[in-house]
Amino acid sequence: MLTVLVLSAGGLQGYAILASLRKISCREIRVLVGDSNEHALGMYFCHKYFQLPNISDTANYKNALLSLCLDESVDLIIPSTAYELSFLASLKEKNPTGHLKIAIPSSKLVRLFSDKQETYTLAESLMIPVAPFICAPIQGIEFPVISKPRTGWGGKGMVLLSSHDELVEFCGKPESKDYLFQKFIAFMEEFSIDFSIGFDKNMSPYVMRRRICTSGGFTIVSSLFHDEIIVKYVNKLSQFLIDNGGIGLWNIQFMRDKEGNIFLSDVNPRVGTSSTISVELGVNIVEYLIDSINAGGALVSEKSEPMTFAANNHYVVRYLKEKSIKPFSRKTVDGIVFDLDDTLIDHKKWLKAKLVLFLNEYRSAFEDNQYFFDYGEELVESGSISKIVDILVAASNNEPTKSRLIEMYHFWRTCMPEISPCYPDVKVVLKELQSRGYKLGLLTDNPISSQKQKISASGLAKYFETIVYSQEINSEKPDKKVFSRISEKMEIKPAHLVMVGDNLFKDIKGSKLAGFYGAVQVQRPGVIHNSSFEAEKRASDIIGGFNKIESIDTILNIFP
């Protein structure tokens, strides 16, 4: 398990990193957030939240951060904003905690790219054009002129000067020495590229985006594009970064005027707020960064070559999305009962892995192995599971003897894939719930032997004080008997238990009618039992409401 600490995740930049982490489905990642805000946005999208001193209080911030990293065995720190870059770059060079990795470039690069004058000078040395500089104040220049703070990011502090008199007046102010002046480009297109450079000094793929519409400084509508000139500039700059310790997340911005001239605008050694657009298109730069390290047993991915996506009329729209959180009372809830299949276990993944073993074992009966795997996959996806062996045998046109068929049934039931069918967000959540003092129970239907197989393969047994197989008492959910049984074994009254499961009728309605205090429906994408809004509304009216989530990690928001 990899423990990642995201710093300064109080706003949309931090959310961009957290959203990227949540999209990583092939590994177990424990996500921590550290921020000075008591109610930071990031606290609702992580496994554990820590309020840190403000970074301006350097000594206390450093002590709190290092203690957090040691106490929580942090493997990787990812900063969200420019505010902590200099501090973390210095910390990285000293690296007092040994194994800790910090996704940030060298101090040299942090200083360079925090100064626009130095950034533009570097660009010119790499033959990357920038908007022309103006040595102010002089006569005969074309107005308006844009004045930018040499330090800072985004459009903060920029001043538009419309006349020579305004320029002279501005240059008379003491702070003007910290500004640079450039020709104002009245009509321009803006382009943004987000990528990461891993600890293995390899660059991630990247998506080139053209900004179409912004609101409050954030891109809300963008389109994909491909421009070989910008590709050339990105390659030059990224090679410089690789050669000079440019590990971390990067955002580069270009402009194009109405004559078609392209200029470098910004180089940011941090995540771009709009990087979630790249994730939506399948390029997760945070995942590439994580794949470049080997912390906590994480696997190192194959090295990636830079790539771009070319598309016409392909738009990405960003919009606000609300998150409703209704926590349970800690004084009332003592225990949490989980369902297994499609709640903790990816049932379809498990069945498809068994399907591979089955078809390989009986290859002579299923000569076109790929055809039967595809057919079997269709059966799994459609929920036709209980008769899968009979359906495949019937489609093979090879009628087995009775003993052979019995052998096939036995093999299907007992074969055990060498995979963990557990969803990657499960174990870290169960461990955190235990640390919060909740007793955990597992209540599952289906044949006992197959359920024990899954629990064994996933290593889940150690997280539960009580496991009840409903068929042991010749029943299944939603029978009240099975809910009463687990309540008795956990030694917690139903009124102090909450059920977490995927099936609206068996898990949610059944537990509430059995007297459970609450119920949480987990509606993961692609599972078998996704219920309709109308069915949920009817059930809610009968049982007095229930919580609904899309993944187990968000459950931490409702169990304080």
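**Figure 1. Cys-422 is a buried residue of this predicted model.** Let's start with a single side chain: Cys-422 has a relative accessible area of 9%, and because that is under 20%, Cys-422 counts as buried.

**Figure 2. Cys-415 takes part in no disulfide.** Across the whole structure, the search turns up 0 disulfides. For Cys-415, the nearest cysteine sulfur belongs to Cys-422, and it lies 19 Å away. A disulfide would need the two sulfur atoms within 2.5 Å, so this pair does not qualify. Cys-415 is buried as well, with a relative accessible area of 6%.

**Figure 3. Eight named residues surround the second largest cavity.** Rolling a probe the size of a water molecule over the atoms shows where empty space is left. Here, the search of the whole structure gives 2 cavities of 30 Å³ or more. The second largest of them has a volume of about 30 Å³. Its lining brings together Pro-79, a stretch formed by Ala-103, Ile-104 and Pro-105, then Leu-249, and finally Pro-269, Arg-270 and Val-271. Sorted by class, this lining holds 7 nonpolar residues, 1 charged residue and no polar ones.

**Figure 4. Confidence along the chain, with a closer look at residues 295-306.** The chain has a mean pLDDT of 86, and 94% of its residues reach 70 or more. Over residues 295-306, however, the pLDDT is below 50. In the model, this stretch still has 25 contacts beyond near neighbours in sequence. A friendly word of caution goes with this view: where pLDDT is low, the predicted coordinates should not be read in detail.

Technical notes
Residues numbered from 1 in each chain as written. Predicted model: local features only at pLDDT ≥ 70, side-chain atom pairs only at ≥ 80, totals over all residues. Heavy atoms only, no water. 1 Å grid on protein atoms, 1.4 Å probe; cavity = no way out; pocket = protein on both sides within 12 Å on 5 of 7 lines; lining within 4 Å. Points joined across faces, edges and corners; volume = space filled by probe spheres on them. Nonpolar A, V, L, I, M, F, W, Y, C, P; charged D, E, K, R; others polar. pLDDT = per-residue confidence, 0-100. Contact = heavy atoms within 4.5 Å. Buried < 20%, exposed > 50% of the residue type's maximum accessible area, 1.4 Å probe, protein only.
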